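Reader: I am new to protein structures, and I would like to learn how the words people use for them are justified. Could we look at one together?

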Amino acid sequence: MGKNLYITTAIPYVNGTPHIGNALDYLIADIWTRYQMQNGRQVRFQVGTDEHGNKIAAKAAESGLDPKTYTDQMYVQFEQLMKKVGASYTDFIRTTDGHHEGAVQYIWQQLQPYIYKGKYEGWYCQGHEAFFTDKEVETTGGICSDHQTPYERVSEENYYFKASAFTDQVREGLENGKMKIVPDFRRKEFLELIKDGIQDVSVSRPKKNLSWGVPVPGDPEQIMYVWIDALANYITVLGYPDKPGWQDYWPAEVQVIGKDILRFHAGIWPPMLLALGLPLPKKLLVHGFVNVGGAKMSKSVGNVVDPNEIIDTYGLDAFRYFFSRHIPTLDDGDFTWEKFETAYNTELGNDLGNLVQRVGAMVTRYQAGVIGEAVQSEHDMRRYHDAIANLEFNQAVDEVWAMVRSLNQYIENVKPWEIAKKREKDTEAEGHLTEVLATAVGGLLQIADLLVPFLPGTAKAIHDSFETGVVVPQGVLFPKIYRHTPDPHAPKAAAGQ
RNA sequence: CGCGGGGUGGAGCAGUCUGGUCAGCUCGGAUGGCUCAUAACCAUCAGGUCGCAGGUUCAAAUCCUGCCCCCGCAACCA
């Protein structure tokens with residue numbers, strides 16, 4: 001196995017504000033990256049933004065800006081979120097980057113044997129200068145609600161990419177595991193979807209209908225539609241085709257995507273790669289959505305949760321903890337402020353934070369802070385590593401918490417405070433106490449190691465507390481917060497209420 | 001008969017492929033213990049016909065058949 005690994009995240013369309021789903025992408029990729037780096041791998045971790053298209057052009061026009069200036073303002077929000085969740089990315093791509101646009105045109109030319117001209121037919125609105133789906137047309141009764149004009153049936157010339165030519169190869173790759181889709185039920189879902197073959201996709205629009213995008217080489221009348229432009233980012237960001245080094249990282253080990261965009265990443269992207277003669281990514285990690293109290297998060301319902309608010313209130317590691325352990329990596333999850341706060345107070349505060357505190361306090365109190373010969377804990381962490389290899393991060397965190405529990409149990413069983421009392425009379429007690437506390441510290445240090453990918457700040461705090469051989473208090477980890485759940489120790493309000 | 005996922009103690013889940021050792025885990029609730037600690041921690045308990053009805057088997061949450069209910073997706077929607 002080589003040392004170089006590559007992981008990617010979906011690039012969000014900058015026409016909008018960052019949300020939990022984006023944060024989840026970054027977090028998952030970041031956990032994986034930190035884990036691999038901890039194990040001595042060289043990792044490139046891509047993030048970026050998708051910045052072309054009509055919606056951007058329209059938004060920019062509304063604000064009286066040219067599109068590029070507009071995206072220059074918008075993409076920063078996403079960059080801020082990436083930094084806020086602690087994403088240790090190495091490569092940031094914007095689809096408006098010069099190198100990317102040039103590379104995409106090169107790719108288009110390489111794809112020539114599989115590109116043909118065809119007619120695209122659909123419902124068109126003059127006011128929007130855009131096509132609408134059958135569904136939208138149906139729900140509005142055929143009248144555009146913004147312009148009060150009927151949609152017209154229009155057909156236009158487009159270039160198509162012959163993705164269908166690669167149906168068998170893609171299917172094969174999925175069946176022999178050359179390209180895995182994780183979890184497996186997503187793979188089955190996708191195979192079912194392409195049962196009748198992958199369909200060709202329209203990859204360009206006439207310039208009059210799509211102004212803001214990469215021009216099609218050799219045809220000034222056509223602009224590239226999203227697919228080739230956006231999907232290509234995964235290789236252009238590495239330097240493809242002209243900057244050396246990209247071969248060291250492609251194929252990607254993992255491509256992190258949401259369940260909504262699986263079909264593009266399994267049905268268009270692999271055919272593009274095959275047409276370019278490039279290997280397929282090894283794994284597509286498909287995560288689910290975050291619901292709120294069982295309901296879909298949506299602006300119209302008004303239940304959107306802002307990741308920034310969580311992090312500002314509870315801290316970055318608390319955010320990373322909840323979204324890595326309580327939102328299953330490979331399935332939908334549920335967020336509520338109550339759940340979050342309960343997990344924060346009980347699991348982070350009571351279980352882990354308090355454990356660190358009590359061990360530190362005992363070493364300080366009984367041994368003036370001097371830690372004895374650290375005993376290396378022999379806890380078998382195979383399940384932790386297996387879980388990460390299987391991309392089930394929530395299970396890996398479960399394993400860490402099993403260790404936290406057993407360390408609390410250990411302390412309860414050996415009762416260091418009783419050994420401490422015996423030291424006056426029993427000469428062996430001193431050594432015994434030192435050994436017990438060193439064992440506890442050893443356990444904490446191992447826990448800290450395991451937490452590095454998930455809670456880097458906490459892992460560092462634990463290390464800093466105990467690593468030097470003398471306890472260096474780092475302050476209380478995860479102090480109690482009661483904003484959404486009742487404070488059990490609050491002065492009793494009037495009875496009955 | 002479109003496709004996929006799911007229905008397990010108050011809540012959230014594991015277990016189903018490879019039938020018995022499964023009725024398990026976490027949170028919440030109750031009781032007790034302890035005092036090193038963030039009124040934390042530890043132990044015990046709370047008794048859920050494992051969606052419903054049949055079937056296979058010595059034995060089914062776990063296999064087969066039928067049905068009911070919930071949630072996504074249903075193709076150019078970033």
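Reader: Which helix holds Lys68 and Asp72, and how many residues apart are they?

Author: Both sit in helix α3 (residues 67-84), four residues apart, about one turn of the helix. Helices here are DSSP runs of H or I with at least four residues, strands are runs of E with at least two, and both are numbered from the N terminus. A word on the source: this is a predicted model, where local features need pLDDT of at least 70 and side-chain atom pairs count only at pLDDT 80 or more, while totals for chains, interfaces and linings use all residues. Residues are numbered from 1 along each chain as its sequence is written, chains are lettered from A and ligands numbered from 1 in the order in which they are written, and side-chain values use heavy atoms, with hydrogens and water left out.

Reader: What makes Lys68 and Asp72 a salt bridge?

Author: The term asks for a side-chain nitrogen of Lys or Arg within 4 Å of a carboxyl oxygen of Asp or Glu. The closest N and O atoms of Lys68 and Asp72 are 3.5 Å apart, and the pair forms a salt bridge. Lys68 and Asp72 also belong to a network of salt bridges together with Glu51 and Arg94. Across the whole structure, 25 salt bridges are found.

Reader: Why is Lys68 called partly exposed?

Author: Buried means under 20% relative accessible area, exposed means over 50%, and partly exposed is in between (1.4 Å probe, protein chains only). Lys68 has 27% relative accessibility, so it counts as partly exposed. Asp72, at 31%, is partly exposed too.

Reader: Asp30 and Arg34 also meet in a salt bridge. Is Asp30 buried or exposed?

Author: Asp30 is buried, because its relative accessible area is 0%. Its partner Arg34 is partly exposed at 23%. Their N to O distance is 2.7 Å, and both lie in helix α1 (residues 20-38), four residues apart.

Reader: Where do the partners Asp91 and Arg44 lie, given that their side chains meet in a salt bridge?

Author: Their N to O distance is 2.7 Å. This pair links distant parts of the chain, with Asp91 in strand β3 (residues 91-94) and Arg44 in strand β2 (residues 42-49), 47 residues apart. Both Asp91 and Arg44 are buried.

Reader: How do you know that the span of α1 agrees with its number of residues?

Author: The expected span is 1.5 Å times one less than the number of residues. For the 19 residues of α1 that gives 27 Å, and the end C-alpha atoms are 26 Å apart, which agrees. As 15 of those 19 residues are buried, α1 is largely enclosed by the rest of the structure.

Reader: What makes Gly122 buried?

Author: Gly122 counts as buried because its relative accessibility is 6%. Its place is in strand β4 (residues 115-125). Leaving aside neighbours within four places in sequence, Gly122 is in contact (heavy atoms within 4.5 Å) with Phe131, Glu152, Arg153 and Val154.
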